[in-house]
Amino acid sequence: MPQVSVEFEVETPHAVQAAAEELRTQGFALLHEAREEPWGQTVARLQSAEGAVIGISFVPSFHDGT
């Protein structure tokens, strides 16, 4: 069971997909592909060998200037 989760924020939803593709080509197995959650976040995640869940994320409200 994961003990820690870390998400890295990127500039666009497209950047989430690009990062997921890059991680996969480097040999990482994704927990799930880039997807848009019901609340608007786009995220792809993997689990490290140590059990940490690592996310690449885009949250629109972080970028809308409010």
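This passage walks through a predicted model, starting with its sheet and moving on to its helix and core.

The sheet is a good place to begin. Four strands make up an open sheet, in the order S1-S4-S3-S2, and their pairing is mixed. S1 (5-9) and S2 are the edge strands, each of them pairing on one side only. From one strand to the next, the twist averages 15°.

Both senses of pairing can be followed by looking at S4. S3 and S4 run antiparallel and are joined by six bridges, whereas S1 and S4 pair in the parallel sense over five bridges. Isoleucine 54 of S4 shows this nicely: it is the bridge partner of leucine 46 and also the bridge partner of valine 6. Another bridge links glutamine 47 with valine 53 of S4. S4 is largely enclosed by the rest of the structure, because five of its six residues are buried. The hairpin of S3 and S4 has five residues between the strands, and glycine 51 in this hairpin takes a positive phi near 100°.

Next comes helix H1, which covers residues 13-25. With 1.5 Å allowed for each residue, its 13 residues should span 18 Å, and the 19 Å between its end C-alpha atoms agrees with this. Just after H1, glycine 27 takes a positive phi of about 100°.

Which residues of H1 are buried? They are Val16, Ala19 and Ala20. These residues cover an arc of only 100° around the axis, so they sit on the same side of H1. A general rule helps here: an α-helix has 3.6 residues a turn, so residues three or four places apart point the same way. On the other side of H1, His14, Glu22 and Thr25 are exposed. The cover over the buried residues of H1 includes strand S2 (30-36), strand S3 (42-47) and strand S4 (53-58).

Helix and sheet come together in the core. The largest nonpolar core has nine residues, namely Val10, Val16, Ala19, Ala20, Leu30, Ala44, Leu46, Ile56 and Phe58. H1, S3 and S4 are the elements that give two or more residues to this core, and the largest share, three residues, comes from H1. Alanine 20 offers a close-up of these contacts: leaving aside residues up to four places away in sequence, it touches Leu30 and Ala44. Leucine 46 belongs to this core too, and it is the residue whose bridge partner in S4 is isoleucine 54.

Technical notes. Residues are numbered from 1 along each chain as its sequence is written. This is a predicted model: local features need pLDDT of at least 70, side-chain atom pairs count only at pLDDT 80 or more; totals for chains, interfaces and linings use all residues. Side-chain values use heavy atoms; hydrogens and water are left out. The expected span of a helix is 1.5 Å times one less than its number of residues. Buried means under 20% relative accessible area, exposed over 50%, partly exposed in between (1.4 Å probe, protein chains only). The arc is that of the directions from the helix axis to the C-beta atoms. Contact means heavy atoms within 4.5 Å. A nonpolar core is a set of buried Ala, Val, Leu, Ile, Met, Phe, Trp, Tyr and Cys residues joined through side-chain atoms within 4.5 Å. Two strands pair if DSSP finds at least two bridges between them. Axes are lines fitted to C-alpha atoms, for helices over the stretch in contact, and angles run from 0 to 180 degrees between N-to-C directions.
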